[in-house]
Amino acid sequence: MSQPPASPRLCLLIEDQPSTRDWMLSVLHTAFPDLAVETAATLKAAHAWLDRKADDLWLAIVDIGLPDGSGVDIVRRLSRDHPDALPVVATIYDDDAHLFDAIAAGARGYVLKDEEAGLLVNYLRRIERGEPPLSPSIAHRMLAHFRAPARQRDEAGLSPRETEVLTLLARGLTVAEAAARLGLQPQTVASYVKVIYQKLCITSRAEATREAVKRGLA
């Protein structure tokens, strides 16, 4: 007597930007063709989903910057209550603060959404080999952190990518032009701009330009 087919593995994709969500769905289905993927766009929706289906979860792809809070809360919940599930952060944030908060909460991987789709597919497939999916720049940052824990950093905590964006803004490029120069989506660069303004405590492009000049970027 034949055995019933096994249920597909289940993934929860937590991402609030519709275009990025569709892109990540394509990446996931390419990496794992048998994967069943469900989505949530907010922290509240993700918690509600976990209340119903967390016991069946294999993989969670978690954005950190959600409209109603940090995706690190989901990582922490999965690590504490559902250790068999694999929480992997997918974000634009490549700075130490976000990275190590996520790792400390229990993230089993950390990839950047500004990578090419084919590269992300390869990183995620490492899960099948028992390896953590890490973008190369994140792996280097982790190594550098432990190799030189007292290294000098930008006084406001700007990441290398955020510094690049600030430099282009100071040179007069629009968000769309900066995105084209960096090979990123405009909404990704817009998210970087928001983070830069928060870290520098500024509210305008003129202030951003002054900050870039102070740093010798313009």
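**Close-up views of a predicted model**

**View 1. Strands β6 and β7 run side by side.** Strand β7 (residues 109-112) runs parallel to β6, and 4 bridges join the two. This is a predicted model, so local features need pLDDT of at least 70 and side-chain atom pairs count only at pLDDT 80 or more, while totals for chains, interfaces and linings use all residues. Residues are numbered from 1 along each chain as its sequence is written, and side-chain values use heavy atoms, with hydrogens and water left out. A quick word on names: helices (H or I, at least four residues) and strands (E, at least two) are DSSP runs, numbered from the N terminus. Two strands pair if DSSP finds at least two bridges between them. To spot one partnership by eye, find Ala90, whose bridge partner in β7 is Val111. Put helix α4 (residues 96-105) together with β6 and β7 and you have a right-handed β-α-β unit. Right-handed here means that, with the strands pointing away from the viewer, the path from the first strand over the helix to the second runs clockwise.

**View 2. Strand β6 is covered on both faces.** How many of the residues of β6 (residues 86-91) are buried? It's 6 of 6, so the strand is mostly covered, where buried means under 20% relative accessible area, exposed over 50%, and partly exposed in between (1.4 Å probe, protein chains only). Leu86, Val88 and Ala90 sit on one side, Pro87, Val89 and Thr91 on the other, and all are buried. In a regular strand the side chains alternate between the two faces of the sheet. β6 also pairs with β3 in the parallel sense, over 4 bridges. Here, look for Leu59, which stands opposite Leu86 in β6.

**View 3. Strand β1 has two parallel partners.** Strand β1 (residues 10-14) pairs with strand β2 (residues 36-40) in the parallel sense over 5 bridges. β1 also pairs in the parallel sense with strand β3 (residues 57-62), over 5 bridges. Ile14 is a handy landmark: its bridge partner in β2 is Ala40, and Ile14 stands opposite Val62 in β3. Further along β1, Cys11 has Val37 as its bridge partner in β2. Leu10, Leu12 and Ile14 point one way from β1, Cys11 and Leu13 point the other way, and all are buried. β1, α1 and β2 make another little motif to trace, a right-handed β-α-β unit.

**View 4. Ala36 lies in strand β2.** Ala36 is part of β2, and it counts as partly exposed because its relative accessibility is 26%. Leaving aside neighbours within four places in sequence, Ala36 is in contact (heavy atoms within 4.5 Å) with Pro8, Arg9, Leu10 and Cys11. Its C-alpha atom is separated by 10 Å from that of Leu25, 11 residues apart along the chain.

**View 5. Ser159 sits in a loop.** You'll find Ser159 in the loop between α6 (136-147) and α7 (160-170). Is Ser159 buried or exposed? It is buried, because its relative accessible area is 1%. Skip the neighbours within four places in sequence, and Ser159 is in contact with Asp94, Asp95, Arg141 and Lys199.

**View 6. The largest pocket has a volume of about 650 Å³**. Of the 28 residues that line it, the closest to its centre are Gln17, Ile92, Lys113, Gln187 and Ser191. The elements giving two or more residues to the lining are α1 (18-31), β4 (65-66) and α9 (186-200), and α9 gives the most, with 6 residues. How is a pocket found? On a 1 Å grid over the protein atoms alone, a pocket is an open set of points with protein on both sides within 12 Å along at least five of seven lines, and lining residues have an atom within 4 Å of a point. Grid points are joined across faces, edges and corners, and the volume is the space filled by probe spheres set on the points.

**View 7. Cys201 has a positive phi.** Cys201 isn't a glycine, yet its phi is about 55°. Most residues other than glycine have a negative phi. Cys201 lies in the loop between α9 and α10 (205-214), and it counts as exposed because its relative accessibility is 68%.

How values were computed: 1 Å grid on protein atoms, 1.4 Å probe; cavity = no way out; pocket = protein on both sides within 12 Å on 5 of 7 lines; lining within 4 Å.
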